[in-house]
Amino acid sequence: MRMIFHCFNLERYIDLPFVCVSLWIFCCQLSHQDCFGRPIASAPDTWFDVLHNKTSKCLNLGSYNYLGFAAADEYCTPHVIQSLKKYSASTCSVRVEGGNTKLHVELEELVARFVGKPAAIVFGMGYATNSAIIPALVGKGGLIISDSLNHNSIVNGARGSGANVQVFQHNNPARLEDVLREQIAAGQPRTHRPWKKIIVIVEGIYSMEGELCNLPEIIAVCKKYKAYTYLDEAHSIGAVGKTGRGVCELLGVDPADIDIMMGTFTKSFGSCGGYIAASKEIIRHLKHTCPAHIYATSMSPPGVQQVISAIKVILGEDGSNRGAKKLAQIRENSNFFRSELQKMGFEVLGDNDSPVMPIMLYNPAKIPAFSRECLRQHVAVVTVAFPATPLLLARARICISASHSREDLAKGLEVISKVGDLVGIKYFPVEHEKT
Ligand code: PMP
């Protein structure tokens, strides 16, 4: 490479180390593309059919199927089929023009009751819930302070809002306080007028870290500086807390202390769409002003019914205690799997109780080997790399479900351990007791 550069006198124009790094990133990205980008040919259940050369049954350690509702369910599925027959697959209309079924109204009431807020509004897509709602809540003259590891939907919503956006060090209440203090003292750029509104945005469980939010401390800082709080519970609602009510319940936070609660239906509830739960005034404001409510076709009725039924199971309103069992099971499964991985010598990110478990690979070049070898041994894992993570912090992200049996988890651990040895990612070698 250096010779070619030298012969054509390219060194003057192009920086060689830069080209090498770019080529390396490009190759890593190319090889990353085939990792679990393969079509699947069944529901994303505990075991599912992955197409690679031929269809093969794989243990699913990748889907966000936290409570197992992504598969046929004895209570949810008959209700969903009924709603499909009654309402069809789509409303073919926006909420304000005939796309507002009885089911949508019922779901909004149920979500508000479930998360403990006065009102809620639902949208057809979780991503768009953040990216469309944030600009409807805050704009020019406002200040958004966002955790540095917030999801891309939040980043895009914040950028599109026209508000000033500041980032604070991930999950660090002291750094949040520093940013608040500085920004309040400086005021708006140029005019130095006080900010019209300040919103602090955090997640309940960070999707690439598996880490719980330091919510009580962050709320205390927000209260001190009179900032609004916006909490994205995509990965925590339904998945943690004794009755599935997310990080607020798990960490003993009163939902009244969070101004805007956001969540998606795509994880614990096995459906599609997202919600915002807040005061009646905020929800009324969103219903009158948010373009994603006014101009986008409403959530698919069978999707709505799936969430209604899943929440009823979680609340025990289906007449069984399956919900409570699922919640106990996901906690037990997550804590078991995490501690077994750690015992094997893997570096596992995140906190206890979190069903999201990133295993550090670091070098992105290890991604294809890890992912393909797991798949060859019938275990499907998701690998994540740049730009979803920093370049040299590639990882495999395991998502545990309440529907994984002990045998499933044992199979997953056995394969991950073998492949981990092969690829060399046991960064904390276990010292075996001398006999
Ligand atoms: N917020 C967070 C924290 C997420 O991780 C995701 C996606 N996994 C979303 C929002 C977007 O949700 P959806 O996939 O339901 O569109």
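A residue counts as near the ligand here if its C-beta atom, placed from the backbone, lies within 6 Å of it. Keep in mind that every view below shows a predicted model.

**View 1. The shell around the ligand.** With that cut-off, 14 residues surround the ligand. G126, Y127, A234, T264 and T266 are the closest. Helix α5 (residues 126-137) provides the largest share of this shell, 3 residues. Sorted by class, the shell has 9 polar, 3 nonpolar and 2 charged residues.

**View 2. Helix α7 against helix α8.** Here we zoom in on α7 (residues 173-186) and α8 (residues 215-224), whose axes come within 9 Å and cross at roughly 15°. Angles under 35 degrees count as roughly parallel, and α7 and α8 are therefore roughly parallel to each other. The crossing of α7 past α8 is right-handed. On the α7 side, look for P173, L176, E177 and L180, which meet E217, I218 and V221 in α8. The residues of this contact split into 5 nonpolar and 2 charged, with no polar ones.

**View 3. Where domain 1 touches domain 2.** Domain 1 takes in 26-69 + 321-423, while domain 2 covers 76-315. Their C-alpha centres sit 27 Å apart. Across the boundary, 22 residues of domain 1 are in contact with 24 residues of domain 2. On the domain 1 side, α13 (322-344) and β10 (356-362) each supply at least two residues, and α13 gives the most, with 4 residues. That side of domain 1 has 13 nonpolar, 5 polar and 4 charged residues.

Key. Residues are numbered from 1 along each chain as its sequence is written. This is a predicted model: local features need pLDDT of at least 70, side-chain atom pairs count only at pLDDT 80 or more; totals for chains, interfaces and linings use all residues. Ala, Val, Leu, Ile, Met, Phe, Trp, Tyr, Cys and Pro count as nonpolar, Asp, Glu, Lys and Arg as charged, and the others, Gly among them, as polar. Axes are lines fitted to C-alpha atoms, for helices over the stretch in contact, and angles run from 0 to 180 degrees between N-to-C directions. Angles under 35 degrees count as roughly parallel, over 145 as roughly antiparallel, 65 to 115 as roughly perpendicular and the rest as oblique. A crossing is left-handed if the near helix is turned anticlockwise from the far one by less than a right angle, and right-handed if clockwise. Two residues are in contact if their C-beta atoms, placed from the backbone, lie within 7 Å. Domain bounds come from an automatic or database domain assignment.
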